[in-house]
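Here are a few notes to read alongside the structure. Keep the viewer open and look up each residue as you go.

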Amino acid sequence: MNIGSKNKKRVVLPSRPEPPTVDQILEDINRVAPNDPVFSILQKTGQDSCRPSDSDVDLRFQQCQKYLELNERLQEAQSRLLRQREELRVAGEQLQGDMKDVKGQTL
């Protein structure tokens, strides 16, 4: 006698429900009571789920502003370096030509 999986019937599971829409999620969040366990757990762990503090927003704004300033400086430096590279290339070609002229002259 074999007690294998051949004697067991497969259980057919119901299909998954559709995930909630964004509107349904927002409606659920707006109807939650302030003493909901999710919010009390976040308060106990020191996490703020509602919105970042003003100091965090100010810090992020300053970081973004600094990033934009540095990005602009980098773009200016890139164009300046490209211009200087071209000037050096032209000077190198002119130097090569001058060297040929000097070598061609008889002393």
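1. A quick definition first: a residue is called buried when its relative accessible area is under 20%, and exposed when that value is over 50%. Keep in mind that this is a predicted model. Of the 107 residues in the chain, 2% count as buried. The accessible surface of the chain adds up to about 11,200 Å², and 56% of that belongs to carbon and sulfur atoms.

2. What are the elements of the chain, counting from the N terminus? They run α-α-α, which fits the tally of 3 helices and 0 strands.

3. Have a look at helix H1, residues 22-31, where Val22 sits. Val22 has 60% relative accessibility, so it counts as exposed. Together with Ile25, Leu26 and Ile29, Val22 makes up a nonpolar surface patch with about 370 Å² of accessible area.

4. Helix H1 also has a salt bridge to find: the side chains of Glu27 and Arg31 meet at 3.9 Å, N to O. Why are they about one helical turn apart? Because they are 4 residues apart in helix H1. Glu27 is partly exposed at 44% relative accessibility, while Arg31 is exposed at 60%.

5. Now move to helix H3 (residues 54-104), where Glu86 and Arg89 lie 3 residues apart. Their side chains form a salt bridge at 2.3 Å, N to O. Arg89 also has a salt bridge with Glu93, with the closest N and O atoms 2.4 Å apart. Arg89 is partly exposed, with a relative accessible area of 41%.

6. For the overall tally, the count comes to 4 salt bridges.

Key: Residues are numbered from 1 along each chain as its sequence is written. This is a predicted model: local features need pLDDT of at least 70, side-chain atom pairs count only at pLDDT 80 or more; totals for chains, interfaces and linings use all residues. Side-chain values use heavy atoms; hydrogens and water are left out. Patches are made of residues with over 30% relative accessible area and no salt bridge: like charges are joined within 9 Å, nonpolar side chains (Val, Leu, Ile, Met, Phe, Trp, Tyr) within 5 Å. Accessible areas come from the Shrake-Rupley method with a 1.4 Å probe; for residues, only the protein chains shown count as cover. Helices (H or I, at least four residues) and strands (E, at least two) are DSSP runs, numbered from the N terminus. Buried means under 20% relative accessible area, exposed over 50%, partly exposed in between (1.4 Å probe, protein chains only).
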